[in-house]
Amino acid sequence: MAVEHSLPKWERKVRVLLCALGLFLSVYALHVELSKEQDPDYTAMCDLGASVSCSKVFTSRWGRGFGLVQFLVEKDSPLNQPNSVLGIIFYTLQLGLGMSMSAKAALFLVFSSWVSVAGSLYLASILAFVLGDFCMVCVSTYIVNFALLFTNLKRRSAIERKKGEKDQ
């Protein structure tokens with residue numbers, strides 16, 4: 001039986017939709033950040049006011065390496081990537097590994113989703129309490145990350161259930 005036939009139809013659709021949305025948001029965030037760096041007068045579609053500005057968030061110190069990597073390496077180091085690049089990698093892995101029904105892939109999907117949710121909670125607190133800003137793109141990625149965690153937990157549970165039935 002091919003792998004694609006062993007994935008529940010709902011999960012495939014939800015995963016593709018969530019990962020496509022996450023990729024779109026991450027690519028857009030990267031575009032906004034790079035455009036703002038090249039042209040300080042650039043106004044993104046998501047810049048609606050002084051306290052509703054995604055470009056303000058993306059170009060802040062927390063927009064790269066979660067604001068933490070710069071304490072370990074130089075600010076301009078290739079290791080201090082925009083958070084959006086990390087998002088592109090994350091959603092690509094979620095999409096690719098999500099097509100496998102292996103227990104190891106499911107475990108990695110759940111683990112990486114927990115990491116993304118922890119990062120989302122951290123960045124949401126920075127957004128609210130440090131920057132005092134509302135970023136629609138950011139909040140949308142947080143929602144996508146929580147939805148992917150839910151999807152991955154359902155996957156892991158289904159694999160464990162199948163394993164338990166097989167062992168009986």
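Does serine 120 count as buried or exposed, and at what relative accessibility? In this predicted model, serine 120 has a relative accessibility of 3% and therefore counts as buried, the limit for that class being under 20%. The residue belongs to helix H5, and, once its neighbours within four places in sequence are left aside, serine 120 is in contact with Tyr142 and Asn145.

From that residue one can step back to the chain as a whole. The protein chain holds six helices and two strands, and from the N terminus on these elements follow the order α-α-β-β-α-α-α-α. Along the principal axes, the C-alpha atoms of the protein chain fill a box of roughly 65 × 35 × 25 Å. Of its 168 residues, 40% count as buried, while the accessible surface comes to about 9700 Å², with 69% of that area belonging to carbon and sulfur atoms. When contacts between residues at least 6 apart in sequence are considered, 69% of them join residues at least 24 apart. As for charge, the protein chain carries 17 positive and 13 negative side chains, and the centres of these two sets lie 12 Å apart.

Helix H5, to which serine 120 belongs, covers residues 103-131 and so has 29 residues by the way helices are delimited. From its first C-alpha to its last, H5 reaches 40 Å, which is close to the 42 Å expected at 1.5 Å a residue. Just after H5 comes glycine 132, whose phi is positive, at about 60°.

A positive phi also occurs at a residue of another kind, phenylalanine 66, where the angle is about 60° although the residue is not a glycine. Most residues other than glycine have a negative phi. Phenylalanine 66 is placed in the loop between H3 and H4, and its relative accessible area of 26% makes it partly exposed.

The loop between helix H3 (54-58) and helix H4 (83-97) also holds threonine 59, which is partly exposed, with a relative accessible area of 39%. Leaving aside its neighbours within four places in sequence, threonine 59 is in contact with Glu33 and Lys36. Its C-alpha lies 21 Å from that of isoleucine 143, a residue 84 places away in sequence.

Helix H4 itself contains glutamine 94, which counts as buried because its relative accessibility is 1%. What does glutamine 94 contact, leaving aside its neighbours within four places in sequence? The list consists of Arg15, Cys19, Leu109, Ser112, Ser113, Leu148 and Asn152. Methionine 136, by comparison, is 42 residues from glutamine 94 in sequence and 22 Å from it in space, C-alpha to C-alpha.

The cysteines offer a further route through the model, and the count of disulfides comes to two. One of them is formed by cysteine 46 and cysteine 54, whose sulfur atoms are 1.6 Å apart. The torsion about this S-S bond is about 50°, so the disulfide between cysteine 46 and cysteine 54 is right-handed. Cysteine 46 counts as buried at 5% relative accessibility, and cysteine 54 is likewise buried, with a relative accessible area of 0%.

The other disulfide joins cysteine 135 to cysteine 138, with an S to S distance of 2.4 Å, a value that falls within the 2.5 Å cut-off for a disulfide. Both of these residues, cysteine 135 and cysteine 138, are buried. About the S-S bond of cysteine 135 and cysteine 138 the torsion is about 70°, so this disulfide is right-handed. Counting the bonded cysteines along the chain, the disulfides follow the pattern 1-2, 3-4.

Cysteine 19, in contrast, is in no disulfide, and the nearest cysteine sulfur, which belongs to cysteine 138, is 19 Å away. Why is cysteine 19 classed as buried? Cysteine 19 is classed in this way because its relative accessible area is 0%. Cys19 is also one of the residues in contact with glutamine 94, the buried residue of helix H4 described above.

Note on methods. Residues are numbered from 1 along each chain as its sequence is written. This is a predicted model: local features need pLDDT of at least 70, side-chain atom pairs count only at pLDDT 80 or more; totals for chains, interfaces and linings use all residues. Side-chain values use heavy atoms; hydrogens and water are left out. Helices (H or I, at least four residues) and strands (E, at least two) are DSSP runs, numbered from the N terminus. The expected span of a helix is 1.5 Å times one less than its number of residues. Buried means under 20% relative accessible area, exposed over 50%, partly exposed in between (1.4 Å probe, protein chains only). Contact means heavy atoms within 4.5 Å. Accessible areas come from the Shrake-Rupley method with a 1.4 Å probe; for residues, only the protein chains shown count as cover. Lys and Arg count as positive and Asp and Glu as negative; His and the chain ends are not counted. The place of a charge is taken as NZ of Lys, CZ of Arg, CG of Asp or CD of Glu.
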